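Please open the model in your viewer and keep the selection tool at hand for a short tour.

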Amino acid sequence: MATAEVPVAVEIPRQKSDKELEKERKKEEKMAKFLAKQNKKQTVKEKSEKAEKKPTKEQAATPEYKELTPSGEKKILQDLELPALKSYNPQVVESAWYEWWEKEGFFKPELTEDGKVKPEGLFTIPAPPPNITGALHIGHALTVSIQDALIRWERMRGKTVLYLPGFDHAGISTQSVVEKMLWKKKKQTRHDLGREKFVDLVWEWKDEYHSRIKNQSKRLGASYDWTREAFTMDENLSAAVRKTFIQLFEEGILYRDNRLVNWCVALNTTLSNLEVENKDIKGRTMLNVPGYDEPVEFGVITSFAYPVEGSDEKLIVATTRPETMFGDTAVAVHPDDPRYHHLHGKFVVHPFVDRKLPIITDSEAVDMEFGTGAVKITPAHDPNDYATGKRHNLEFVNIMNDDGTLNESCGKYAGLKRFDARKLVIEELNELGLFIESKDNEMTVPLCAKSNDVIEPVMKPQWWVRQKAMGDAALNAVKTGEMILEPKIFEADYFYWMENIQDWCVSRQLWWGHRCPAYFVRIDGLEDQQDAIEAKWWVAAENEEDARKKAEAKFPGKSFSLEWDEDVLDTWFSAGLWPFSTLGWPNLASKDLKDFYPMSMLETGWDIMFFWVARMAMLGIKLTGSVPFKEIYLHSLVRDAQGRKMSKSLGNVIDPLDVTTGISLEKLHTRLREGNLDPREIEKAEAGQTLSFPNGIPECGTDAMRFALCAYTTGGRDINLDILRVEGYRKFCNKIYQATKFALLRLGDGYIPPSKINVTGKESLVEKWILYRLSEAARLTNESLEKRDFFTATSTIYNFWLYELCDVYIENSKSLILEGTPEEQASAKSTLYTCLDGALKLIHPFMPFITEELWQRLPRREGDTTQTIVKASYPTYRTDLDDAEAAAAYDLVFSVVKGARSLFSQYNILKGGKIYVQCSFAADKTTIETQTSSISALIKSYDSIDVILANEALPEGTGVLVISKDVTVGVMLKGQVDVDAEIKRAEQKLNKAVQSKAGLEKIMSSKDYASKAKKEAQEANQLRLETFAAEIETLKSMIQNFEKLRV
């Protein structure tokens, strides 16, 4: 009796887990990006040459679009078949909508008829006011993208929503940029103009750049309520500043003191510690310093000797700033250092000025194991020495003029610039035999964050704010949950800063800003007894008339004159009042203050957590008795694709409008040359632009940029922005555009959707599946936005649009609508409409323009009078769409599709494919058999499909892929593949696996492996070894089965 021949089934490696597949997917994505970058670099020249000769196909295929809509009117929708509307064009899609939104008041907070917050709730965000110093950059675009996504989402959920816009006067930054402009154009300084005319010039600058930034904000789609626009120097906000200063002064929280401050010579003003950036250098380093033609050397420590009075002995000290020796008023030694016991109470003689310096003992200032154990003390120019000077009541000698030159305390060196004097001091010390040595020294150089000048610690009488009590209150607000800080990774930084908070210097020696509302009362006959350092001679008042009344009350019967303080306040002083001053505070009767304070959320970059967020928290609690916002969300900083911080000198700063509209590399270079950048840095910046944008920046559109920036937001500290990824989302926009065009075609002219979403139960399996997926996408998106998980929210919407709606349902709907029964057609159209309407609403918060453009083309359900998608209801999870059983059934069908596609792709079968599905259960067999039309809609490269049960054998020559323990997909390979080529490929993989296994075995068998290797490493290696073994067996089996196909 002959035995039955067993069919040959070519075994494909086991189906990998979701985790393994995801890991491979990410790996492939990284490789694709790498290859894209490499290809991009190699073809720059070629593409550039082609671009010069003739326009690209895409350029040639983009006809001119003419907007027919009068400004502010609802957009006139033109025929989608017009050449300019054939494919997605950001300029077409984004035109006209914003003006209409604004004119119609869609961005204003919607209140009940009696003027109260709607029962659905309240959501408010105060936009961080951008500086009026030029233009928005990509970091601002990230801020708008995140905030506006939340604002639009909450507005669509029916809440009363306020997105409050405004601008910051940015004292130091604005004055600096206007001074540069004035010098570049007219070779004048602000002193040439005088204070009043210079301030007028800054107001002109403000008006120009305010308009530019406002236009940028609108182009980004920010749904601000412009009727409430604020500027930090508006009268009502200025009144809030004066009120705050006066209150804090009169409570003793704001005080005056002559203390060591950070002085920026270039800007001629004091800076707070937060405005100083510390640059670490390892040794001798040349740095460019404003005001010096040649670089200045840092990273050097110089030792020199002070002669001891009345002896031949010398005391050796060391310093990184030799020029400060003119301000030395003591030399300190450790009280327990036996080398200097005999010098206690004696003096050293200063070689350049007529001054004796006491030799003091101090265990805090001196480490007797470091250097010579002797330390020069310069109380007026060093933070550590300042404290030492206070402890020992030393003389504080200021040696520096405000312009960075040495003053009369320096004798013949007076008038020299500080770093020029440094060289001469060393030379003269050498001539006097007092110079010992100069050597490399690792050090930190403090730099002004605005001008890059080297900060000079100097003594200045300034206004200070005590922050300890306010800091404790703000700290407690986060610890108790009254104010939530997200992501949680920033809590530790916030706690540390608040727990170690220092008093805040709020004086700035500028002309642009809020002038301190403080008046010095100069009393006749007491002029010699008064010191402007002392707060007791000052009054704080709204104006001079009010100041006079307060002075009369404070000094009754005295004759006096008033002198208004010349200084202005730190920009962050007014910014700290932003969440409530913009709502009308200190007018407690303000309706906005009652309705919208405290704000729901403060969203900004983590880099200004201490500059701004902490100060708003402190001042808000202090002045209003309430936290200024209930939630703080800190987003990442945007870096370039190489991970570098964005800066003008690197040439990698991105104007968001360049991303939306595109710009050539040459135009980027031209803009650099026309700006305020130091000429010495332009070449470096142009090289940076060439590295980052070799082909310029492609036109991506606002929607793609917003979506990309939100997709990048994962809760970390940094975003490395790759323009290629943003360009990829433009292609996604085109997919949405084309899918909607197709859907509108299939729905047909005059289509009227059902009055509501109504599941009949007669929907096809794929309809039930897509409705389930829509409901799940809505559920997950809402949950993600609640948790501020922007990555998951965008990924969910992207996957629904691309992989579920476009790739599956729309493909299925073609046959259902064209070939189905009237009932099937009506159901398929209804489902298509429901999904398209829902998908556009889902993505609207991230992509406002394309969604309005396309949603306005959809027919409305009966009774739906919604004017704009801005006010449409956001999709939510629906129980009537939650048909998990049907969804699981179609998931099975789709897994068969993916398995067959994978096999066809693996073996390069392009047509004539034969699919076999082997099922363990009859129910699965029935499901797949009834869905062959759906499978046909999704796979174009097959001729037939057979579904069999597990007890039936697969035909000889079938390649298989295990979908699950109950379902296997096979495709016929016999006659379709090159057997020899497949054997060769499998043998190559086998050899690699054998070598890898042998290498790992060698490591694991080495001496001391068991005792020295970490347990986790040993476990990981054992798992890898088992994986290699399984792979080797699978590949051997594959080769054997392929060999049989040769017969």
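What percentage of the 1047 residues in the chain do buried residues make up? Buried residues make up 53% of them, where buried means under 20% relative accessible area with a 1.4 Å probe and protein chains only. This is a predicted model, in which local features need pLDDT of at least 70 and side-chain atom pairs count only at pLDDT 80 or more, while totals for chains, interfaces and linings use all residues. Residues are numbered from 1 along each chain as its sequence is written, and side-chain values use heavy atoms, with hydrogens and water left out.

Start with the whole chain, whose C-alpha atoms fill a box of roughly 125 × 80 × 60 Å along the principal axes.

Next, select Ile138 and Trp801, which touch the most other members of the largest nonpolar core, a set of 169 residues; such a core consists of buried Ala, Val, Leu, Ile, Met, Phe, Trp, Tyr and Cys residues joined through side-chain atoms within 4.5 Å. Its largest share, 13 residues, comes from helix α26 (residues 790–819), helices being DSSP runs of H or I with at least four residues, numbered from the N terminus.

Now add helix α27 (residues 822–843), which packs against α26 at an angle of about 160° with the axes 10 Å apart, the axes being lines fitted to C-alpha atoms over the stretch in contact and the angle running from 0 to 180 degrees between N-to-C directions. The two helices are therefore roughly antiparallel, a label for angles over 145 degrees.

Finally, zoom in on Trp801, which has Phe732, Ile736, Leu836 and Ile843 among its contacts, meaning heavy atoms within 4.5 Å.

How values were computed
Buried means under 20% relative accessible area, exposed over 50%, partly exposed in between (1.4 Å probe, protein chains only). Angles under 35 degrees count as roughly parallel, over 145 as roughly antiparallel, 65 to 115 as roughly perpendicular and the rest as oblique. Lists of a residue's contacts leave out its neighbours within four places in sequence.
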